[in-house]
Amino acid sequence: MPSRADITYFGAGPALLPTPVLENAAQALLNYKDTGLGIAEHSHRSQYAADIINEAKADLTTYLDIPDDYEILFMQGGGSGEFSATVYNLVGAWVTKKKAEILKQLGAQSEDEANQEALVSALKKAIDSELKLDYLVTGGWSLKAYQEAGRILGPEYTNLATDARTVNQGKFGKIPDENTWNLSKGAAMVYYCDNETVDGVEFPKFPDALSPDSNGVRPIVVADMSSNILSRRIPIENFSAIFFGAQKNLGSTGVTVVIIKKSLLPPACPQPSPALLRKLGLPVPPVIFSYETIAKNNSLYNTLSIFDVYIAGQVLKRLLATFPDKVDGQQALANQKAELIYKALEAHPDIYRIVPDRSVRSRMNICFCVTAGGDTESAEAKFLKDATARGLTGLKGHRSVGGIRASNYNSIPLSGAQALADFIVNFAQTQK
């Protein structure tokens, strides 16, 4: 039986965790800070829990240089839960802002002062004519987010601003030119997935099309960064909200992080009342998906998995200790590892086909096919078998697309990336 040290696991998630983090977590699970109780047994209302949350928030802020005008939330439901939560919260914020405009037009200081029939009528008219959520669909996960928005609100309120399949023969693998994007004016949000885990597509940088307009007004940009968070510097100030599941680069399955601009939270922007939403025919969000509720309670509205937050905190402390230049150091390493693997694949074009276009290749999820001998299925089966024999595991592609996928997350050491690159070269040589 192989030991942990014998294996380099390239699975897409849950991903490999640093062994020292797991060793610390194992001890904490048995007896946390000599209390005689494990961390999973302490109350989420305890000071221990509050300290773990606050330290993780502080370390994440330090590592990513998150500005003071953002709040950090720890939630549950994963990225799929955030497909829904972003819709509920950003539509609510849009309604709040639109309501303020209409109250001013009606000459009312507050909702209570206004003529309710006139207010609701004007809001309904605005919703029918103006409310849009824009989606940049560049892979399977952004497609799911777009579909979820249509399910919750109705397709008339969602705008498919770009669909990458239209420029790649019906498949994902490219990002359409920004000048072709059909962005709505004043959208409640513009949503995109920064790194598509299944399809190996990563935005090379923040899109210029989403920059502030000539008046300095920024669009409401929301990004799913579940699979590339902590791997490169982010222009946080360009986003209204960023979310990510922990199980790729941050920790274990069970906690989802949201970084949200405080201007979208009370007191600046309280969510509409359930009564008003019902009058408007808009969905009332589950309270567990309410950003303002989670923020008000420092992520402890309900029983959060403190153990998972602890693991995330330990990963952040390890990153800060390893890289004095914080995320910039990890970014340099991530780029170096990805380059090793891509160069090995490119050296043998008769054996391997890299799936996404060069301009959008993911550094985190390297997707390719083994085409040796013209029998891809057999060639890939042998590739996976031989790789496993070398301790290189988790390389099978997503069930929806097949192929090979090497997930080059932060926990993969440089030596692991080099081992995979060497195997790619050696396997190719045996096929000639």
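Which residues of strand 8 (residues 221–224) are buried on one side and which on the other? Val221 and Ala223 are buried on one side, and Val222 and Asp224 are buried on the other, so that both faces of the strand are covered, where buried means under 20% relative accessible area, exposed over 50% and partly exposed in between, with a 1.4 Å probe and protein chains only.

The model shown in these views is predicted, and local features therefore need pLDDT of at least 70, side-chain atom pairs count only at pLDDT 80 or more, and totals for chains, interfaces and linings use all residues. Residues are numbered from 1 along each chain as its sequence is written, and side-chain values use heavy atoms, with hydrogens and water left out.

**View 1. Strand 8 and its pairing with strands 5 and 9**. Strands (E, at least two residues) and helices (H or I, at least four) are DSSP runs, numbered from the N terminus, and two strands pair if DSSP finds at least two bridges between them. Strand 8 pairs in the parallel sense with strand 5 (residues 189–193) over four bridges, and also in the parallel sense with strand 9 (residues 241–245) over three bridges. Val222 of strand 8 stands opposite Tyr191 and, in strand 9, opposite Ala241.

**View 2. The surroundings of Thr158 in strand 4 (residues 158–163)**. Thr158 counts as buried because its relative accessibility is 8%. A polar atom of the Thr158 side chain lies 3.1 Å from the backbone oxygen of Pro155; a polar contact is a pair of N or O atoms within 3.5 Å, of which, within protein, one must be able to donate a hydrogen and the other to accept it, while residues adjacent in sequence count only if both atoms are side-chain atoms. Not counting residues up to four places away in sequence, Thr158 touches Lys132, Leu133, Tyr146, Ala149 and Gly150, contact meaning heavy atoms within 4.5 Å.

**View 3. Helix 5 (residues 140–153) and the elements it packs against**. The 14 residues of helix 5 should span 20 Å at 1.5 Å a residue, and its end C-alpha atoms are indeed 20 Å apart; the expected span is 1.5 Å times one less than the number of residues. Buried residues of this helix include Ser142, Leu143, Ala145 and Glu148, and the buried residues pack against helix 3, strand 3 (133–137), strand 4, strand 5 and strand 6 (195–196). Just after helix 5, Gly154 takes a positive phi of about 110°.

**View 4. Helix 3 (residues 78–106) and Ile102**. The end C-alpha atoms of helix 3 are 41 Å apart, which agrees with the 42 Å that its 29 residues should span. A kink of about 25° is centred on Ser84, the bend at a residue being the angle between axes fitted to the seven residues ending there and the seven starting there. Of the 29 residues of helix 3, 21 are buried, and one of them is Ile102, with a relative accessible area of 5%. Leaving aside neighbours within four places in sequence, Ile102 is in contact with Leu119, Ala122 and Leu123. Just after helix 3, Gly107 takes a positive phi of about 75°.

**View 5. Cysteines without a disulfide**. The structure holds zero disulfides, a disulfide being a pair of cysteine sulfur atoms within 2.5 Å. Cys193 is in no disulfide, and the nearest cysteine sulfur, that of Cys367, is 12 Å away. The sulfur of Cys369 is too far for a bond because the closest cysteine sulfur, in Cys367, is 8.8 Å away.
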